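I opened a new structure today and kept short notes. Here is what I looked up, step by step.

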Amino acid sequence: QVQLVESGGGSVQAGGSLRLSCAASTRTFSTYATNWFRQAPGKERDFVAAISSSGSSTDYEGTVKGRFTVSRDNARNTAYLQMNSLKPEDTARYYCAAGLGIRYGYRFWGQGTQVTVSS
């Protein structure tokens, strides 16, 4: 069992930056890919970005490519989502998920952290 805790959310103005963290409870976190999702009120949960277990591969949803960067520090059992040039449409609750790979096999989820971007 892997418990995930997201942090780093908050309220920023458009153009600002935030860095989200996804901290895992066990070292087995390093054997899973980390996938980031977001869900706005009344909408489905959408894929945002992901990084492989080793950190050698990444993937991004089109609207965040070039603005968001996913990374991880397996020594700290933590993954990160650096979000720059934030837009109001990025407003959502952000979740991390430990998965068997990028975009599949989601096994464990965090509770999420809220990001609000004002114009």
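My entries go from the whole chain down to one residue.

Entry one, the model. I noted that this is a predicted model.

Entry two, the elements. I counted 11 strands and zero helices in the protein chain. Reading from the N terminus, I got β-β-β-β-β-β-β-β-β-β-β.

Entry three, overall size. I looked up the box around the C-alpha atoms: roughly 40 × 25 × 25 Å along the principal axes. Then I checked the radius of gyration. The protein chain has 13 Å, which agrees with the value near 14 Å for a compact globule of 119 residues.

Entry four, surface and charge. About 6,000 Å² of the protein chain is exposed, and carbon and sulfur atoms supply 45% of that. I also located the charges. The 13 positive and 8 negative ones have mean positions 5 Å apart.

Entry five, the inside. Of the 119 residues, 43% are buried. I took contacts between residues at least 6 apart in sequence; 55% of them join residues at least 24 apart.

Entry six, the core. Which residues have the most contacts inside the largest nonpolar core? I found Leu 4, Trp 36, Val 48, Phe 68, Leu 81, Met 83 and Tyr 94, in a core of 28 residues. Among the elements giving two or more residues to this core are strand 5 (45-51), strand 8 (78-83) and strand 9 (92-101). In soluble globular proteins, nonpolar side chains tend to be buried together.

Entry seven, Tyr 94. I left aside its neighbours within four places in sequence. Tyr 94 is then in contact with residues including Glu 6, Leu 20, Arg 38, Val 48, Phe 68 and Val 115.

Definitions and conventions. Residues are numbered from 1 along each chain as its sequence is written. This is a predicted model: local features need pLDDT of at least 70, side-chain atom pairs count only at pLDDT 80 or more; totals for chains, interfaces and linings use all residues. Side-chain values use heavy atoms; hydrogens and water are left out. Helices (H or I, at least four residues) and strands (E, at least two) are DSSP runs, numbered from the N terminus. The radius of gyration is taken over C-alpha atoms; the globule rule is 2.2 Å times the number of residues to the power 0.38. Buried means under 20% relative accessible area, exposed over 50%, partly exposed in between (1.4 Å probe, protein chains only). Contact means heavy atoms within 4.5 Å. Accessible areas come from the Shrake-Rupley method with a 1.4 Å probe; for residues, only the protein chains shown count as cover. Lys and Arg count as positive and Asp and Glu as negative; His and the chain ends are not counted. The place of a charge is taken as NZ of Lys, CZ of Arg, CG of Asp or CD of Glu. A nonpolar core is a set of buried Ala, Val, Leu, Ile, Met, Phe, Trp, Tyr and Cys residues joined through side-chain atoms within 4.5 Å.
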